[in-house]
Amino acid sequence: MQPPDRRDHDRADKRQVGSEVRDEAASLQARYGGLEPELVIELCVDRLFAEEIAVVSSFGSQSAVLLHMISEIDPTLPVQFLDTGKHFSATHDYRNSLIDLLGLKDICIVEPDPALLGAADPVGILFVQDADKCCGVRKVEPMARAIAPYRAWMTGRKRYQSETRAALPVFEAVGERVRINPLALWSAQDVDIYRHVHSLPDHPLTAKGYQSIGCQPCTRPVKDGGTDRDGRWAGLEKTECGIHMSGFSQAIEIATQKGSG
Ligand code: SF4
């Protein structure tokens, strides 16, 4: 009989951890999934994942709400901003002004790996030929690298933004980690009221009809009656960049192995 391969043990360990994290996320969802966003953030930052959690922000049109809550609870929490190299210059300006306004202390700029980017997109037009591959090298790989050191991370996603987010939980398992969406249950009106009450500035492109703002080549204004994300990858089947999809957990594991190798 052949001795078990070390890799078989590793795979079994990962399945075990993945199963435990799924149970943990389901339990957190059942206990705390109905709490107000500020309470969810406080609970995660102070107790559930203290020192093991970050927040991911695109500094897009609705990012100010989650970032304001973070700034009130713990302005030293690491904020990961993915700089794809294809953002609107207005997003950079908005990011800088929000950081100053909110007093956020730990902004991490995450960029694509230069070697991978140079090989995959040497002249910067991969988004035309293969948007999934472009998102893979400009978004998925760098964000997986940024998330790998943490046990949990928060996003600003909300159910109302698109059909693909309609069942979004507050707590969800992503491989061996927990992703938290404190605003998942909020409506567009809730977001607007919060922004108004706290006098939060709009992203400069909001006034031009942009509702969900990502990379410049793949973002369009939304026509009246459209959902927030209708302006992303308009004309393509694509609705998400990959950092919110199932394959992201595998990307994190690859980044973790590289980081510890
Ligand atoms: S959103 Fe567009 S430009 Fe940005 S990484 Fe994806 S395909 Fe590339």
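# Helix packing, burial and ligand shell

User: Which residues come nearest to the ligand, and what makes a residue count as near?

Analyst: Of the 10 residues around the ligand, the nearest are Ala 131, Cys 134, Cys 135, Cys 215 and Cys 218. A residue is near when one of its heavy atoms lies within 4 Å of the molecule or strand. The model is a predicted one, in which local features need pLDDT of at least 70 and side-chain atom pairs pLDDT 80 or more, while totals for chains, interfaces and linings use all residues. Residues are numbered from 1 along each chain as its sequence is written, and side-chain values use heavy atoms, without hydrogens and water.

User: Which helix gives the most to that shell, and what is the make-up of the shell?

Analyst: Helix 7 (residues 131-147) gives the most, with 5 residues. The shell has 7 nonpolar residues, no polar ones and 3 charged ones. Nonpolar covers Ala, Val, Leu, Ile, Met, Phe, Trp, Tyr, Cys and Pro; charged covers Asp, Glu, Lys and Arg; the others, including Gly, are polar.

User: What counts as a helix or a strand, and how many of each does the chain have?

Analyst: Helices are DSSP runs of H or I with at least four residues, and strands are runs of E with at least two, numbered from the N terminus. The chain has 9 helices and 6 strands.

User: Why are helix 3 and helix 4 called roughly parallel or antiparallel?

Analyst: The axes of helix 3 (residues 63-73) and helix 4 (residues 89-102) come within 10 Å and cross at roughly 30°. Angles under 35 degrees count as roughly parallel, over 145 as roughly antiparallel, 65 to 115 as roughly perpendicular and the rest as oblique. Helix 3 and helix 4 are therefore roughly parallel.

User: Which residues make the contact of helix 3 with helix 4?

Analyst: Ala 64, Leu 67, His 68 and Ser 71 of helix 3 meet Tyr 94, Leu 98 and Leu 102 of helix 4, where contact means heavy atoms within 4.5 Å. The residues of this contact are 5 nonpolar, 2 polar and no charged.

User: What makes the packing of helix 2 with helix 3 parallel or oblique?

Analyst: Helix 2 and helix 3 pack at about 50°, with axes 10 Å apart. That value falls among the rest of the angles, so helix 2 is oblique to helix 3. Pro 37, Glu 38, Ile 41 and Glu 42 of helix 2 meet Leu 66, Met 69, Ile 70 and Ile 73 of helix 3. This contact divides into 6 nonpolar residues, no polar and 2 charged.

User: Why is helix 3 said to be enclosed?

Analyst: Of the 11 residues of helix 3, 9 are buried, so the helix is largely enclosed by the rest of the structure. Buried means under 20% relative accessible area, exposed over 50%, and partly exposed in between, using a 1.4 Å probe and protein chains only. The buried residues include Val 65, Leu 66 and Ile 70. Their cover includes helix 2 (37-48), strand 1 (53-56), strand 2 (79-82), helix 4, strand 4 and helix 8 (188-197).

User: Why is Ala 167 called buried or exposed?

Analyst: Ala 167 has 64% relative accessibility, so Ala 167 counts as exposed. Ala 167 is in the loop between strand 4 (152-154) and strand 5 (171-174).

User: What is the phi of Glu 51, and where does Glu 51 lie?

Analyst: Phi of Glu 51 is about 65°, a positive value although Glu 51 is not a glycine. Most residues other than glycine have a negative phi. Glu 51 lies in the loop between helix 2 and strand 1, and is exposed at a relative accessible area of 78%.

Definitions and conventions: Axes are lines fitted to C-alpha atoms, for helices over the stretch in contact, and angles run from 0 to 180 degrees between N-to-C directions.
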